[in-house]
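Here is a short report for a first look at this structure. It starts with one loop residue and works outward to the whole chain.

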Amino acid sequence: MEAEKILNISVDCVVFGFDINTKSLNVLLIKRFLESENKKEILVDDYVLTGYHVYKEETLDETATRVLKELTGLTNQYKKQFKAFGDPDRLMNPKDIIWIEKEAFHLRTTTIAYYFLLKTEDVDLNNSKKQAKWFPVNDLPELGFDHENIILEAYEDLKIKCLSEPIIFKLLPDKFTINEVQDVYQSILGIEIDNRNFRRKLINKKYIIALDEKQVGVSKKPAQLYMFSKDIYDKMFQKNYLISI
């Protein structure tokens, strides 16, 4: 028996991932495509965030976790609920109305927005039923609904959050180089950071643990690998430490 939906409340999820190779902060989007009944006309062809209506027996967090799992197969990822979007005209674009009529959900829908941080290499898109694809946050495709606004608001929240909590390590492999940490900060904040100053400050943090390992499979001189210790961080700073970069 299908779970009962709350038709005018949904959860939309902004899924952020960092591409180490391109040094780009990316957003995971799904294809939205609709043809006319005779298939002679394309009515909708764009991308949207992944989301769904809230089931009556679910909490909002549970809905967000379910939506992410259905999209990526992943659970237990960093997530943050950051804003509700409920403007009366947020779904009134002509293409959106066509899509809503097909999907039979309420024109006046309030969405609770979350963003997730995860490692791009953990997501296998080869068999994605929703034609999911990563896009740079600064080079988004045509988007449906008000999803561009939701993404940009999530991005602004992420910029602030990454300066007060060590959440950027959710975007990196478990073992990383100092340059990769710097790349993540620069990608999120959109600024250039002095390399020597950043390296000196970061390696002096007790929660950044130097490993007896170096990069493998690189053409240049392999760099030292490090790991982030959440246990040490929690003991030292809990939730109120401001990371200085």
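## A loop residue and its surroundings

Leaving aside residues up to four places away in sequence, E41 touches L34, E35 and S36. Touching, or contact, means heavy atoms within 4.5 Å. E41 sits in the loop between β2 and β3 (42-48). Helices (H or I, at least four residues) and strands (E, at least two) are DSSP runs, numbered from the N terminus. E41 is partly exposed, with a relative accessible area of 47%. Buried means under 20% relative accessible area, exposed means over 50%, and partly exposed lies in between (1.4 Å probe, protein chains only). From E41 to F169 the C-alpha distance is 45 Å, with their positions 128 residues apart in sequence.

This is a predicted model: local features need pLDDT of at least 70, side-chain atom pairs count only at pLDDT 80 or more, and totals for chains, interfaces and linings use all residues. Residues are numbered from 1 along each chain as its sequence is written, and side-chain values use heavy atoms, with hydrogens and water left out.

## The whole protein

The protein has six helices and nine strands. Its C-alpha atoms fill a box of roughly 60 × 40 × 35 Å along the principal axes. Of its 245 residues, 45% count as buried. Take the contacts with a separation of 6 or more: residues 24 or more positions apart account for 67% of them. The protein exposes about 13,800 Å², and carbon and sulfur atoms supply 48% of that area. These areas come from the Shrake-Rupley method with a 1.4 Å probe; for residues, only the protein chains shown count as cover.

## Two cores

What does the inside look like? In soluble globular proteins, nonpolar side chains tend to be buried together. Here the largest nonpolar core has 44 residues. Such a core is a set of buried Ala, Val, Leu, Ile, Met, Phe, Trp, Tyr and Cys residues joined through side-chain atoms within 4.5 Å. Those with the most contacts inside it are V14, F16, Y115, I168, V181 and I188. Helix α4 (residues 178-189) gives the most to this core, with six residues. Apart from it lies another core, of 25 residues, with I30, V48, L68 and W99 among them.

I188 touches L25, Y155, L158, K159, C162, I168 and L171, again without residues up to four places away in sequence. C162 is buried, at 0% relative accessibility. C13 is buried too, with a relative accessible area of 0%. A disulfide is a pair of cysteine sulfur atoms within 2.5 Å. By this rule the count is zero.

## Two positive phi angles

Most residues other than glycine have a negative phi. The table lists two with a positive value.

| Residue | Phi | Loop | Relative accessibility |
|---|---|---|---|
| K23 | near 55° | between β1 (5-19) and β2 (24-35) | 48%, partly exposed |
| N76 | about 60° | between α1 (60-72) and β5 (78-85) | 75%, exposed |

## A helix residue

E101 lies in helix α2 (residues 94-103). With a relative accessible area of 60%, E101 is exposed. E101 and E148 are 47 residues apart in sequence and 21 Å apart in space, C-alpha to C-alpha.
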